[in-house]
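Let's walk through this one together, question by question. Have the sequence and the 3D view open as you read.

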Amino acid sequence: MSARSPRWSLHDVLVMATLAALGGMGGSIVSLIGKAVQATLGTFGGLQWLAGIHVLWLVLAVGLVRKPGAATLTGLLKGAVELLSGNPHGLLVLLYSGVAGLAVDVVWLLLARRHHVVTYALAGGTAAAANLLVLRLVADLPAHGPVLWVLVGLALLAFASGAVLAGALGWWLIGALGRAGVTGASATTG
Amino acid sequence: MTDIAATSGVHRLHPLVKLVWLIGLTVTVFRSPGATVPWLTAGGVMVLLWCASVPPWRLPGLRMWLTLAVMIVAVHVAFIREGRVVLGPVTAAGLEGGLRVTGRLLAVVLASHLFVKTTDPSSLAQALMKAGLPVRWGFALVTALRLVPVLRVEAHHVYRAQLVRGMPYDARGPRRWWLLLRRWLLPLLVSALRTAHALSLAMEGRGFGLHPRRTFRREVRRTFGDVVAAALLVMFIAAAEWLARHGG
Amino acid sequence: MIRCEQFGWRYAGASAPAVRDVTLEIGRGEFVVVVGPSGSGKTTLALAMCGLLIGRQGGQPCGTIRIDRRDVAATPLPELAQLIGLVQQNPQAQFATLNVTDELAFGLENRCRPPDEIHQSSAVAADQMAIAALLGRSLATLSGGEQQRVAVASLLACRPAALVLDEPTASLDPQTAGELFRSLANLARETGLTVVIIEHKLAQLLPLRPRLIGLDEGRVVLDQPAGDSAAPLLLRLTGPSPREVSTPAFADAPGELLVDVAHATVGADGRPILDDVSLQVRAGEVIAVLGPNGSGKTTLLHGLMGLVAPQAGSIHVAGLSVSARAVSRRARAVGLVFQNADHQLVAETVWDEVLFACRTQGRPDGDAEREAAALLDAAGLAARRGDHPHRLSWGQKRRLNLISVLLHKPRVLLLDEPFAGQDWENARFLLRAIGDIVNGSPTRPRGACLIVTHDPRVVRHGCTRVVFMTQGRVELDAPVPDAFALLRSRGHAAYVETGAAG
Ligand SMILES: Nc1ncnc2c1ncn2[C@@H]1O[C@H](COP(=O)(O)OP(=O)(O)OP(=O)(O)O)[C@@H](O)[C@H]1O
Ligand SMILES: Nc1ncnc2c1ncn2[C@@H]1O[C@H](COP(=O)(O)OP(=O)(O)OP(=O)(O)O)[C@@H](O)[C@H]1O
Ligand SMILES: [Mg+2]
Ligand SMILES: [Mg+2]
């Protein structure tokens with residue numbers, strides 16, 4: 001879109017749209033996996049365990065499209081899909097999702113776009129934790145005393161979730177998709 | 001999503017006017033330092049919802065919001081200790097902080113709900129493209145929206161197809177979680193990416209990208225109502241600003 | 001119009017080219033049908049003709065393809081789109097908008113035509129495909145056949161000079177398929193549109209007198225004008241000659257009761273999908289489930305597997321009520337092949353895919369592996385063991401789906417259109433494998449099988465009984481020889497015409 005961003009092919013754009021749709025339908029995926037996780041780990045930490053799943057799609061966008069800005073744009077698209085399909089957070093979801101995408105992009109660029117599991121884990125973790133920062137700003141929570149500690153604790157939890165569910169899982173999925181021959185332009189239509 | 005059958009003045013407004021309203025409203029309530037503007041705005045949106053015959057109590061996640069609102073007020077009240085004491089440990093500043101944040105959230109969430117319920121996504125995408133959004137991003141939005149139900153059915157199919165091959169998804173515990181992530185997500189993604197690929201061929205195969213712009217079969221008309229709505233937005237922002245300056 | 005010179009293509013990572021030495025010329029207004037066994041390169045050729053291969057997929061081309069004297073490799077796709085359009089197999093994957101009217105307008109909007117012209121051209125295209133009644137509907141609510149028509153119409157609205165269709169009727173019932181073929185043949189005759197169809201349903205196409213082009217192992221082995229006598233390749237593809245034994249060897253009279261559906265009703269959104277269905281299947285029976293699109297065939301199979309629960313009535317399979325046990329536990333006794341080939345592929349190589357169910361059920365690997373190798377070999381997939389399943393052609397995937405369910409010998413087989421897109425050689429191999437399960441062995445009791453199919457050859461040569469469904473009800477339930485006559489007399493002749501060699 002801006003002058004310095006790369007040219008997006010239609011294929012790139014549609015891959016991002018598809019990931020946004022998968023993320024935006026979140027409901028079913030997150031609830032299915034979410035139920036399994038909750039059954040396993042109990043409800044401690046609320047939904048922060050799942051923060052990673054929300055970010056997974058953004059990590060995949062960066063890993064599959066490999067152009068700076070892919071995660072941010074996917075995040076915005078995902079937010080728009082969620083907004084328009086009636087997400088209870090309304091316009092705020094655009095903010096959450098856009099910031100998460102930006103975080104993924106920034107970490108990925110800072111780490112020299114290296115295709116490595118550590119890159120994705122850090123990107124996923126940061127993006128998941130960024131949600132809490134946004135939450136703090138939006139809810140105008142006082143940043144001192146126990147509230148701060150709870151927020152930091154939740155952020156660490158979200159970071160761990162992002163690193164594993166978005167980062168490591170994303171890394172594995174990107175590899176497996178490459179082996180299936182559906183990444184890039186070399187997919188079959190058979 | 002949209003309740004096309006119902007038409008009201010709000011339904012008929014130009015999608016971009018509604019979008020600008022939504023954004024303007026959000027920025028205004030978040031800029032306002034007090035609790036009055038957010039709560040007044042929320043009240044106003046509630047009235048509009050009623051005019052557009054969208055029942056506000058059908059708001060998605062109402063229970064979640066009520067719980068969250070109580071929690072936010074509680075946190076503010078418990079941890080902000082400045083200002084006049086109202087009752088026991090509760091201070092005026094704490095109470096005001098809690099009310100301000102809940103008012104803001106309420107206003108934004110209700111306004112988003114109104115927007116979503118009265119705007120046709122295709123018209124919105126078209127209006128955005130006409131206003132200069134590059135066509136491929138406009139279609140990215142349309143595609144993403146269209147694929148949500150398609151992929152949901154797909155996800156369901158993949159899940160069942162594997163279940164019948166003896167995949168113990170109906171088991172309990174960590175094993176199920178691990179299996180879901182590994183075995184279910186991958187075919188779902190494969191199938192989604194193949195759809196993206198086939199779609200890119202199908203779109204270019206019908207001349208998408210031949211010209212940087214495109215024409216549109218139907219017109220999204222601008223009406224007098226749009227002008228009024230735009231004027232109202234300017235007045236709303238000015239009023240909020242005035243209230244902020246003169247206590248409120 | 002379309003001219004291929006010595007064209008060849010090898011996919012990245014493949015050992016042999018998928019298409020080689022193809023030299024062809026197709027003129028304006030011709031009605032061409034491309035036939036060939038599964039995996040012979042038909043889809044590859046279609047993609048190449050429409051400019052979707054060279055430079056867009058990993059692989060190595062040779063030779064050239066020109067459309068109206070323009071080299072497809074050197075022409076950007078949106079420009080090529082003004083000359084040639086491709087209808088892919090899955091209509092859902094080629095819609096770009098949310099409703100029918102927008103979809104028809106899409107191509108013209110891309111070309112910046114004025115709204116008046118868009119309205120007029122869409123109306124003409126809608127007329128040609130007989131979908132005027134669908135204008136304005138949401139695409140998500142259309143049935144498979146309607147979606148396919150909209151996909152064709154949306155290309156026609158752009159007025160290309162040529163249209164290529166890759167198995168456009170694979171999931172359509174014979175009635176709808178026949179109508180689509182006739183509309184296309186008329187268009188070719190009346191408007192000079194060049195039509196190239198890839199199809200296995202020759203029975204319905206031959207009466208329209210197309211030019212036939214046959215592919216085998218990537219080469220053109222047959223190119224004959226309309227109405228010529230059947231060549232050997234055609235015989236191999238279209239099925240057995242009338243002299244061939246027509247009833248399969250199912251040993252004895254039906255045995256123990258394996259499937260018992262009593263007054264089952266399944267509904268969704270307040271509308272019944274299965275409406276008071278009763279059905280009994282005994283060991284040794286192979287049931288052909290026929291019926292128009294949307295008549296509830298898939299839902300019936302899913303009900304038998306326990307994926308959907310009946311709201312009224314009961315379903316028992318192998319003596320157990322379907323709701324009595326977790327689905328994944330029942331997979332040992334009941335095998336289901338889904339309608340969509342891609343959904344069932346779970347593993348990363350063809351080999352792991354075949355052994356998947358055996359491994360989740362802990363069957364000893366030695367036997368299973370030996371048998372898997374034999375089945376893969378017979379299905380013509382032996383050389384592809386290490387490939388990713390998604391790199392197979394459509395028909396090859398379908399065979400893989402079936403083999404991977406056959407291996408652990410479930411007692412009841414539920415197969416949802418496993419024969420779509422199969423040539424007769426392969427269909428016969430699959431029928432034999434199914435017969436093996438149904439007939440049992442000294443160590444294994446006899447089983448039963450329900451096959452959803454639109455292919456009359458399969459019904460005639462592989463099934464013992466026909467269940468014909470319409471609108472969620474069983475309209476007819478009769479043994480094969482009688483069923484054919486009954487269906488003809490009730491106006492469902494399209495379901496039983498076996499065509500040339502039938
Ligand atoms: N992306 C790919 N990578 C490697 N091999 C491929 C790929 N796509 C197809 N092939 C192989 O190329 C050959 C020709 O495939 P193609 O899809 O053209 O066959 P087809 O004639 O359309 O078969 P069917 O009737 O089964 O659809 C097959 O052996 C197939 O496995
Ligand atoms: N989950 C569902 N919700 C609502 N309607 C459904 C659902 N599943 C199926 N249907 C509808 O039920 C009817 C029967 O569907 P089913 O898939 O069983 O048909 P079918 O006979 O297999 O058709 P086809 O030949 O096209 O595969 C269709 O009209 C379909 O739209
Ligand atoms: Mg094919
Ligand atoms: Mg079906």
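Helices here are DSSP runs of H or I with at least four residues, and strands are runs of E with at least two, numbered from the N terminus. Please keep in mind that this is a predicted model.

Q: How many helices and how many strands does the secondary structure of chain A come to?
A: Let's read along the chain from its N terminus, where the elements run α-α-α-α-α-α-α. No β appears in that series. The count for chain A is therefore 7 helices and 0 strands.

Q: What share of the residues in chain A is buried?
A: A residue counts as buried when its relative accessible area is under 20%. Chain A has 190 residues to which that cut-off applies. The buried share comes to 59%.

Q: How many salt bridges are counted between chain B and chain A?
A: The contact takes 63 residues from chain B and 62 residues from chain A. Together the two chains bury about 5,600 Å², with 82% of it on carbon and sulfur atoms. For a salt bridge, a side-chain nitrogen of Lys or Arg must lie within 4 Å of a carboxyl oxygen of Asp or Glu. The count between chain B and chain A is 0.

Q: Which three residues of chain B supply more of the area that it buries against chain A than any other three?
A: The size of an interface is often given as the accessible area lost when the parts come together. On the chain B side, three residues supply 13% of the area buried against chain A. They are Trp137(B), Trp177(B) and Leu193(B).

Q: Which are the edge strands of the open sheet in chain C?
A: The sheet has 6 strands with mixed pairing, in the order β6-β7-β8-β3-β9-β10. The twist averages 20 degrees from one strand to the next. An edge strand pairs on one side only, and the two that do so are β6 (84–87) and β10 (219–224) of chain C.

Q: Which residue in β10(C) stands opposite Leu212(C)?
A: Strand β9 (residues 211–216) of chain C pairs with β10(C) in the antiparallel sense over 5 bridges. The two strands form a hairpin with 2 residues between them, and Glu217(C) in the turn has a positive phi of about 45 degrees. Within this pairing, Gly214(C) stands opposite Leu222(C). The partner of Leu212(C) is Gln224(C).

Q: Which residues are the protein donors of the magnesium ion (ligand 4)?
A: The donor atoms are an OG1 and an OE1, lying 1.9 to 2.3 Å from the ion. One donor residue sits in helix α9 (residues 297–305) of chain C and the other in the loop between β16 (334–337) and α11 (350–360), 41 residues apart. The residues are Thr298(C) and Gln339(C).

Q: Is His200(C) buried or exposed?
A: His200(C) lies in the loop between β8 (194–198) and α7 (202–205) of chain C. Leaving aside neighbours within four places in sequence, its contacts include Lys42(C), Glu167(C) and Asp423(C). Its relative accessible area is 15%, and buried means under 20%. His200(C) is therefore buried.

Conventions
Residues numbered from 1 in each chain as written. Chains lettered and ligands numbered in written order. Predicted model: local features only at pLDDT ≥ 70, side-chain atom pairs only at ≥ 80, totals over all residues. Heavy atoms only, no water. Pairing = 2+ DSSP bridges. Axes fitted to C-alpha atoms, helices over the stretch in contact; angles between N-to-C directions. Donors = N, O, S within 2.8 Å, 3.2 Å for Na, K, Ca; no water. Contact = heavy atoms within 4.5 Å. Buried area = accessible area lost by both parts, 1.4 Å probe. Buried < 20%, exposed > 50% of the residue type's maximum accessible area, 1.4 Å probe, protein only.
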